[in-house]
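Here are my comments on the model you sent over. Have it open while you read.

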Amino acid sequence: MSILWEKHGVRLYNPEKACEGYTLVDPFTSRDVWLMDMKGNYVHRWVLPSSPRNHGVILPNGHLLYATAEPLPPDTSDLSVPRIGSWGIGMGLVEVDWESNVVWKYVDKVQSHSFHRMKNGNTIFPRVIPVPDDMARRLKGGIPKTEDRGIIWTDGLHEVTPDGKIAWEWSAVDHLLDPDYHTLCPLEPRGDFTHMNSVEELPDGNILVGFRNIDTICIIEKPSGKVTWQWGRGEVSHQHYPNMLDNGNILLFDNGVHRKNDSLITYSRGVEVNPETNKIEWEYVADPPQSFYAALISGCQRFPNGNTLICEGPRGRVFEVTKDGEKVWEYLNPFYATHLSVGKQPSILPWRHSNALFRAYRYPPDFPGLKGKELNPEKLEWVNRIYGPAAYKN
Amino acid sequence: MSITQNVSPDIHYNEVKAYNGYTLLTAAGAKDVYLVDTKGQAVHTWKMPAEVGAPGVLLPNGNLLCAVRTPEEMLTDLEGGVGKLLEVDWDGKVVWQYEDPYMHHHFYRLPNGNTMLLRWVPTPKDVVLKVSGGLPNTEREGAMWSDSLREISPAGEIVWEWLGYEHLNTEVDIVCPLCFRSEWTHANSFVVAPSGDILISFMKTNSIAIINKETGNIDWRWGGFLRLGHPHDVCWLDDESVTVLGCGGHMSGFEMGNSEVLRIDLKSSDIVWEYTEVPVLRFYTALKGSLQRLPNGNTLVCEGDTGRVFELTEGKEIVWEFVNPFYHPSPAYGKNNNILLGAYRYGSDYGGLKGNVGIAEKVKPVPEKKAQTRAEKGASPKGEEALKERLANLGY
């Protein structure tokens, strides 16, 4: 274990330039979710019945909505449950109130990665579905002979109402996958062909999704399901969390895994692309580039003042940069834990003693969901003493 | 020659378990090569005439062997190229040099006084057609470069040459599917055994190999697609096993984003020892690194990309850890960073650090200094004395 630990907590804060608000710290491996102020004081804590696995968001109603996960059942003969790395597959969605009481739940054992609470109160989420044999035979790429017990999995969407009815669905098989065009990255398993890791409802009601393994983000028209725009192949590599900005551009985290480059270094980027022109209008790369690299998870969030919050997920680092790439805030998650499923699934090495964060979100002080809530660091005095700014003062 | 105060407090040193000595740091973008002590203080620097491009080593004769970049280099886009190999004395005076615009990555001074170097050669077209893997149509202006080893005498005569394309196997040595076909192997390090055989690491074919000096054949090979991710340094442990630093780039599954140190048994080809960090993603260098087996049985690992050097016991305990505080702009790798091309440790009694020619006349009487704890027994008091004098001489 490295002796020279980096400084944890908030280790950089430029109050003149950073965008004020509360940051949701959602450790991938633990059952706690924290809300933190700009200086690094923890002002609220949720304790969840299971680890979030992916991430939680604070809703405008003040509740925390998150995706759950369970270890895979030991019975590998159940072909309805995908066994493809399995770290992204959840069991469903849970909404808890400020005191961590469960107020809503939806169970879907193939729900994966992410979700979005829509304007109409429904929730939309990706789910893993099998590719029919006739199409599966024609799909190219990936590491040979790595289907999951003969199955190639892809993704679909379900939109569910608060009382659990499926209001709309979508399938990559019907609307996206083109075996002559969508070839899988040569270093990914064929069982996990598309790997949808993000979904967002756009202001116009259409849906923005991202597929990691085919380096593609796309906009799906509702209700027809038609893919009206796709981008990413040859531009980004295994991206996460495309989200639309006020100016209509799309911000995403370009992980850079399996990049088809010859410089042999690995690096991540924050990228903003204009869907009208398909041109990248902003990007952030670190100096040196390889000092900012997230093989998995991660995301970017744009603030009204033009800054971008970047979460370098696996290393638990969140930082905020200006448009010119100047770092004005930085945090390193001090909460380490071993993921509950490690030991049951030996492949999940990164989550052994990890401080990873799937994504990080910052909420402005006037966010409706925080209205009337007590955000006083005093109530978590004991946590702040050990993990707050006072603990990391030199 | 100058003394620089260590500006970084980032050091951990277990005096009992760490190998006592001095660590030679070759920093990317620098013209200086640094020697730091176990407390991280720089005790000596060599000023090279140009930017360094490959890890420097301290020779038993006390000179520094290091390579620099030159404008004459022919393949600057292939990464790792150097144009001039220099041997400089303790004061930085060039005592030997060799120029070749196709050299890259690594060198070795043989016991017979010759130097082995790595260089690029174009691969014959009929061989290129049989080399599989890599991204399609990514040859470099139509050519694929492969690696060659060349042994040169001090006078610069070519004494021995090994052409990779004559001995590599197109069925087995397959280019990583995400790399360009501008090169077949992209060798980045090698060491020569007393027998003359060469242990070499090939980044693009994800393998390490032993080349038989007499026949040129590849007697042993290990690694391959999904087994080893872009190795970046190898060292002999003894006759029975070798150690490799697997960077971990372009790997699959959860092996992406972390590096590992693997020890492989030469007879069984089994992994008999391995090191990954906890948390696993903390140890990662995509591009640069070095490994060294120390006389006390520990392993010195240089995590090049982060400028971090650490010493591991067999029990995988870190007993020395240090972060390079010397930042330089290095156009090849970034704007301003502390990337290390290599780090090697030399005990105080190492030939190269004992009293040396040209120093004797500068020796002045020095006050008695407290002896340092020594992990290694049998070091000659004479050597330590001479070193103390040399260092005191420098005002340290």
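The points below cover the core, the chain contact and one buried charged residue.

1. Ground rules first: this is a predicted model, so local features need pLDDT of at least 70 and side-chain atom pairs count only at pLDDT 80 or more, while totals for chains, interfaces and linings use all residues. Residues are numbered from 1 along each chain as its sequence is written, with chains lettered from A and ligands numbered from 1 in the order in which they are written.

2. The largest nonpolar core (buried Ala, Val, Leu, Ile, Met, Phe, Trp, Tyr and Cys joined through C-beta atoms within 7 Å) has 190 residues, and A:Val209, A:Leu252, B:Leu199 and B:Ile200 touch the most other members. Its largest share, five residues, is from strand E26 (residues 340-346) of chain B; strands are DSSP runs of at least two residues, numbered from the N terminus.

3. Beyond four places in sequence, B:Leu199 has contacts (C-beta atoms, placed from the backbone, within 7 Å) that include B:Phe190, B:Ile208, B:Val234 and B:Trp236.

4. Where the chains touch, 31 residues come from chain A and 36 residues from chain B. Strand E14 (residues 184-189) gives the largest share of chain A's side, three residues.

5. Take a look at B:Glu151, in strand E10 (residues 145-152) of chain B. B:Glu151 counts as buried because 21 other C-beta atoms lie within 10 Å, and the cut-off is 20 or more. Leaving out residues up to four places away, B:Glu151 touches B:Asn114, B:Met116, B:Val159 and B:Trp160. B:Asn114 is 37 residues away along the chain, yet the two C-alpha atoms are 6.5 Å apart.

Note on methods. Buried ≥ 20, exposed ≤ 12 C-beta atoms within 10 Å, placed from the backbone. Helix = DSSP H or I, 4+ residues; strand = E, 2+ residues; numbered from the N terminus. Contact = placed C-beta atoms within 7 Å.
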